[in-house]
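This report introduces the sheets, the helices packed on them and the nonpolar cores of one structure. The reader may wish to keep the view open while reading.

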Amino acid sequence: MSDETKLTRRGFVKGAGLAASAAVLLEGAAGKRPQGKAKKLGPGEVEVSLRVNGADRRVSLEPRQTLASVLRDQLHLTGTKIGCDRGACGACTVMLGEVAVPSCLTFALDAVGKPVTTIEGLARGEQLAPIQAAFVAHDALQCGFCTPGMVMSCHALLQRNPHPTEDDVRQAVAGNTCRCGTYPKVFEAALAAAGTAPAKAGPPHGDLPAAALAASGATAYGNTSPVVGGTAETDAAKAQDKGGGEASRTFQVGLSGALQAKERKVPTSEPAAWDGSARLQILGQRVPRIDGPEKVTGRARYCFDVQLPGMLHAAVVRSPHAHARIRSVDVSAAERMPGVHATYVVEQLLGPAELKLKPATPEKYPHIRYEGAPVAAVAAATAAQAEDAARAIRVEYDVLPHVADIDDARKAGAPLVFESPVEQKGSAGGGGAAKDVPQQGNVRGPVVGGNDGDVEKALAASEVRLEQEYRTEVQTHSAIETHGVVADWREDGATLYAGTQGIHSVQDEIATLFKLPKSKVRVICEFTGGGFGAKFGAGNHGVIALHLSRKAKRPVRLFLDRRAEHLAVGNRPSSIQHLRLGAAKDGALHAIELKAFGSAGCAAGAGCAGPVKNLYPAKAVRSEENDVFLHTGPAAAFRAPGHPQGAFALEQAIDELAEKLGMDPIALRDRNDAHPARREERRLGREKFGWDDLRKRRDTGKVRRGVGFAQGLWYNFDGPPSNAEVLIHDDGSIECRSGVADIGGGIRTACAQVVAEVLGVRPQDVIVHIGDTALPEGPPSGGSMTTQLLTPAVRLAAERAKAELMTTGGRGDVRSAAKRLGKTVRGFASRVRDYAGWRDDDRYTATIGGAQFVEVEADTETGIVRVVRALAVHDCGRPVNRLAIESQINGGIIQGVSYALHERRVVDLRTGRMVNADLEHYRIAGAKDAPRIEAIVVDHFRGRSNTDVSGIGEPATVPTCAAIANALAHATGTRVRSLPMTPARVLAAAKGVRS
C-alpha cells in the first residue's frame with residue numbers, strides 16, 4: 001500500500017465521503033445557508049462557536065479539521081497531544097459532553113453544541129482536580145507526554161463511576177498507550193482519587209521565569225547566550241576543581257547492615273562523603289516529582305507544543321523503496337502551490353553506516369538503503385498545505401534488488417547493502433561499532449571478546465555441556481512523542497527546540513553540519529516525550545528543518561508521523577545467538593561461548609555479548625559478534641543496548657544447564673555469581689516471591705501457571721561532562737541549573753532533593769531549570785548515567801553556594817540569610833572523576849543490576865501467555881527518590897513484557913516494506929497486559945562519588961524477557977527460544993515437545 005493510498009485520519013477526511021458529510025455538518029454548524037449562495041460543501045472555512053473549558057470560542061475552520069488540530073493550533077491548548085493520528089494511543093483524549101473521545105478522530109464540527117473539556121479545564125485555578133493530585137502523589141507519570149490523555153480517561157471514569165475497581169480502571173485506560181510503562185501507578189492514582197483533596201499546582205519548572213531571565217541574560221527566544229555575567233564557571237570554582245590534589249579517605253561501603261571500611265583516593269575539593277554511614281533526611285525518600293503538576297495540567301511544554309510567531313510546517317517525501325538510486329527530484333510543482341515558502345532536497349543521510357572508501361565521483365542524491373529514507377521536504381503555512389505540496393514533488397527512482405531477512409542476507413549472492421567495507425560512529429546514547437572489522441558480503445565481523453581461557457579445552461573438560469540457539473526480533477522505540485524539531489534560523493545564529501535526550505549532541509551535530517560555531521547554536525528542550533536511546537543528535541529531521549528555515553527565513557516545525565517513526569529513527573537490533581556452555585557436576589561454569597549474528601539494518605552495532613562477557617566469570621569466555629546488513633532502517637541505542645537480547649539467550653541457557661545438572665536455577669547462579677548485591681537480591685526475592693513452594697507446582701490443566709527467574713547487569717559510567725550551578729537569590733528563592741534533558745527519569749526532582757539536602761530546605765522550594773545549551777553543560781539522558789553523573793556536580797555546587805553565603809556573614813537558615821545579605825550567591829561545580837579504588841579490583845562486582853521473578857499463566861490450547869505477577873529486586877547505589885525508582889522499574893518490566901510477548905517488526909520480504917508501522921498492528925503492552933509488580937531496592941554503597949548514586953533505567957528491563965521465557969518453560973514444559981513468544985510460537989514449540 002503506497003503512502004498516497006494508506007488509510008490515515010487525514011486521508012480519511014479527504015476521502016470521497018467528505019463533500020456529503022461536510023454539507024450536513026456545515027448546515028448544523030452555521031444554522032442556515034447565507035441568502036443567495038449555493039450550498040457550501042467545502043473545503044473552504046466556516047466560522048463556528050465551540051464551548052471549550054466553560055468558555056465560548058469563535059473559530060474559523062475547514063470541514064476536514066479535527067478537534068485535536070483546532071484545540072492545539074487555533075486555541076493553543078497544547079495539553080492535548082497527538083501520538084498516532086489514528087486514535088490508537090489515546091494521547092489526544094478529551095471530554096465531549098460526558099464522554100471521553102479521541103480528538104484526533106473527531107471532526108471539530110462534531111463538537112459544535114457540545115461542551116469540550118481538555119486537560120487545561122480540570123484544575124480550578126491553582127487547585128488541581130482530585131485525579132490530577134493523585135497522579136502527582138502516586139507518580140503516575142514519567143515522561144508525561146501521554147499523561148493528559150490518561151488523566152482525561154480516568155476523569156471520565158470517575159465521573160460515571162466514583163468507586164471503580166482496578167479492572168474498571170484498566171478498562172478505562174485500555175485505549176491509552178504509555179510507552180514508559182506507568183500503568184501500575186495509574187491504577188493506584190485512579191483508585192485513590194475518589195478520596196483525594198485538591199492540591200496546589202505549584203511553581204513552574206519549564207520556562208525560565210522573568211526574574212531568572214533577567215538575572216541570567218537569557219531571552220525567551222533567539223540565540224542570546226545567558227552565560228555573560230550569569231551562568232558561568234567562576235575562577236574560584238576552577239581553582240577548587242583543579243587544585244589541591246587527592247587524599248585518602250575512609251568510606252563505609254557495601255550493603256546496608258554489612259558495611260565495611262574501605263579507602264578511596266578523593267580530590268581535596270570534594271565535600272564529606274555521603275557513604276553508607278550518612279544519615280540523610282531527603283535523599284532516599286519517596287518524593288513526588290516537582291514538575292508533576294505541570295504534566296498533569298497540560299502546562300508542560302514539549303517541543304511538540306512549541307508554536308513560534310510566523311512558524312511554518314514541514315512535510316517530508318520518503319522513499320517507498322527499500323533499495324534504490326534516485327534519478328531525479330522535481331520540486332517545481334510543489335513550489336507553486338498555495339502557502340509554500342521553501343523546498344529542500346536531501347543531500348546527506350544520517351544514520352546508516354558509512355563507506356570507508358568514498359566514491360571518486362559522489363552521486364548527486366543519497367543512495368537509498370531503506371524504506372522511509374527522507375528524499376525531499378517542503379515548508380508551508382499550514383500542515384495541510386505542506387502535505388498537499390509534498391504529494392506534488394516528483395521523484396524518479398531506479399529500484400534495485402533488496403534483502404530484508406537476516407538468513408537470506410548471509411547467503412552467497414544476496415543483494416549487497418554496501419558495496420565495500422563500512423564504519424559506524426557512535427552517539428551520546430551509545431551505539432557505534434568497532435573499527436577495522438572484516439566484512440564479507442553483508443556480514444561484518446566477527447568482533448571477538450572474552451578472556452584468555454581456551455573455550456574448546458574448557459568445554460572438553462566439562463562434565464555437563466549445553467548447546468542451543470536463541471533468536472530475538474527487531475523492536476522499535478515507539479516513544480509517544482515522535483522525533484521532531486522546531487528550527488529557527490536567524491542571522492545571529494540558529495535556535496532549535498528539539499525533542500531530544502541530549503541537547504548538546506544536537507548542538508554538536510548542527511554546528512558541524514552547518515559549519516557554525518557552537519556559540520551560534522542554541523538547543524532548548526524543556527520536556528521530552530520519551531526517547532529510550534533513539535533521541536540523540538540532530539537527526540535527518542533536524543537538518544532538514546533547519547535548511548528549510550534558513551531558506552524560508554521563518555521558523556519551521558517538523559515532526560515525524562508514526563509510520564516514519566517506525567521506519568527511520570532507530571530500533572533495537574535483532575539477534576541469532578548460538579551458545580555453548582560447559583560446567584562441572586557441582587555447577588561451576590568452565591566455559592561460555594557465544595557466536596552471534598544480529599542486524600541493525602543498514603547500520604552496524606548489533607552486538608549482544610555484554611551479559612556473556614560480564615555476568616558470570618567462567619574459566620573460559622569467548623564471544624564473536626557479527627553485523628548482518630539489511631535494506632531496513634538503521635538501528636539506534638535502545639534501553640540497555642544489546643543486553644535484553646543477550647540476557648534472553650544466556651539466562652535461558654543457564655536455566656537449561658541447571659535442568660541438566662538437576663540443580664535449582666537460583667542455586668546455579670549462587671554457585672557462579674559472587675556479586676554481593678545480586679546475591680542479596682536473589683536471597684530477598686526468593687523469600688518474598690515464595691520461589692521454593694511455587695517451583696514445586698506442576699499444573700496439568702488447560703491453563704497452567706509457572707514461575708521463572710533471570711538476572712542482568714548494567715554499568716557505572718565515568719563519562720561525559722556534568723556541570724551544575726546553584727543560586728540562592730536575595731529574595732530567598734533557590735535555583736538549580738544544568739543543561740540536561742529529562743526523558744521521564746525525574747532528574748529535576750533528583751537535583752532538587754540534593755540541593756534541599758545540602759541547604760536544609762524542601763525539594764519543592766528549589767526551582768530547577770534544565771534543557772537549554774545556554775545553561776552549564778549537563779550529561780546526556782541515557783545509559784542510566786544521568787543521575788549518577790549529575791548529582792555529584794549539583795551537590796558540590798550547592799555546598800559552594802552555601803559556603804559563599806556563610807562566609808559573607810550569613811547565619812541561620814539559608815533563605816533568611818540570603819535575604820539579609822541582599823545579594824544573590826552562586827556555586828558552580830563540575831563532577832570529578834570516579835574516586836580511585838572504588839572498583840576494589842573486581843570488574844565483575846563493579847556493575848549494577850538486578851534479579852527478577854515472574855509468574856505467568858499459559859493457555860495450552862490457544863498459546864496465549866499472560867504475565868500475572870513480577871517481583872524485581874534491584875540495586876542502584878544510593879537511591880535518590882524511591883518513588884521515581886519504582887516507576888522506572890515498573891516501566892522497565894512492562895517494556896520487557898512487551899518485548900517478550902508482543903513486539904515484532906513485520907517486513908514484506910518481497911517489497912522490503914514494513915507492514916505494521918503503526919500502533920494498532922505493532923503491538924505494545926497496554927494497561928490490560930501490565931502484571932502486578934512489586935519493586936524492592938537494595939542500597940549498595942560503593943564510594944564512587946560524593947552522592948554515591950548509580951542508575952536504574954537500563955537494568956530494570958534487561959532480565960524481564962528471559963524470566964518470562966523461563967517461567968513459560970516451567971508452566972508448560974515447553975521452551976520457546978525465539979522472541980516474541982507469540983501464541984503461534986508457543987503452540988509450535990508444544991507440538992515439538994509432544995512429537
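Two strands count as paired if DSSP finds at least two bridges between them. Strands (E, at least two residues) and helices (H or I, at least four) are DSSP runs numbered from the N terminus. This is a predicted model, in which local features need pLDDT of at least 70 and side-chain atom pairs count only at pLDDT 80 or more, while totals for chains, interfaces and linings use all residues. Residues are numbered from 1 along each chain as its sequence is written, and side-chain values use heavy atoms, with hydrogens and water left out.

**The two sheets**

An open sheet of 4 strands follows the order E27-E32-E33-E36, and its pairing is mixed. Strand E27 (703-714) and strand E36 (932-938) are at the edges with a single partner strand each, so one side of each has no neighbour in the sheet. Disregarding direction, neighbouring strands here are turned by 15° against each other on average; axes are lines fitted to C-alpha atoms, for helices over the stretch in contact, and angles between N-to-C directions run from 0 to 180 degrees. Strand E33 (residues 865-875) runs parallel to E36, and 7 bridges join them. Within this pairing, alanine 870 has isoleucine 933 in E36 as its bridge partner.

Another open sheet has 7 strands in the order E12-E14-E10-E23-E20-E21-E22, also with mixed pairing. Its edges are strand E12 (340-345) and strand E22 (521-524); each has a single partner strand, so one side of each is left without a neighbour in the sheet. The average turn between neighbouring strands of this sheet, direction ignored, is 20°. Strand E20 (residues 484-490) and strand E23 (residues 556-559) run antiparallel and are joined by 4 bridges, with valine 485 standing opposite leucine 558 in E23.

**Helices on the sheets**

The table lists helices in contact with strands, where contact means heavy atoms within 4.5 Å.

| Helix | Strands touched | Angle |
|---|---|---|
| H12 (residues 383-392) | E10, E12, E14 | about 30° with E10 |
| H16 (residues 539-552) | E10, E12, E14, E20, E21, E23 | about 35° with E20 |
| H21 (residues 676-689) | E27, E32, E33, E36 | about 30° to E32 |

**Nonpolar cores**

A nonpolar core is a set of buried Ala, Val, Leu, Ile, Met, Phe, Trp, Tyr and Cys residues joined through side-chain atoms within 4.5 Å; buried means under 20% relative accessible area, exposed over 50%, and partly exposed in between (1.4 Å probe, protein chains only). The largest such core has 203 residues, and Ile131, Phe135 and Met981 have the most contacts inside it. A second, separate core of 40 residues includes Leu280, Val726, Ile747 and Cys751.
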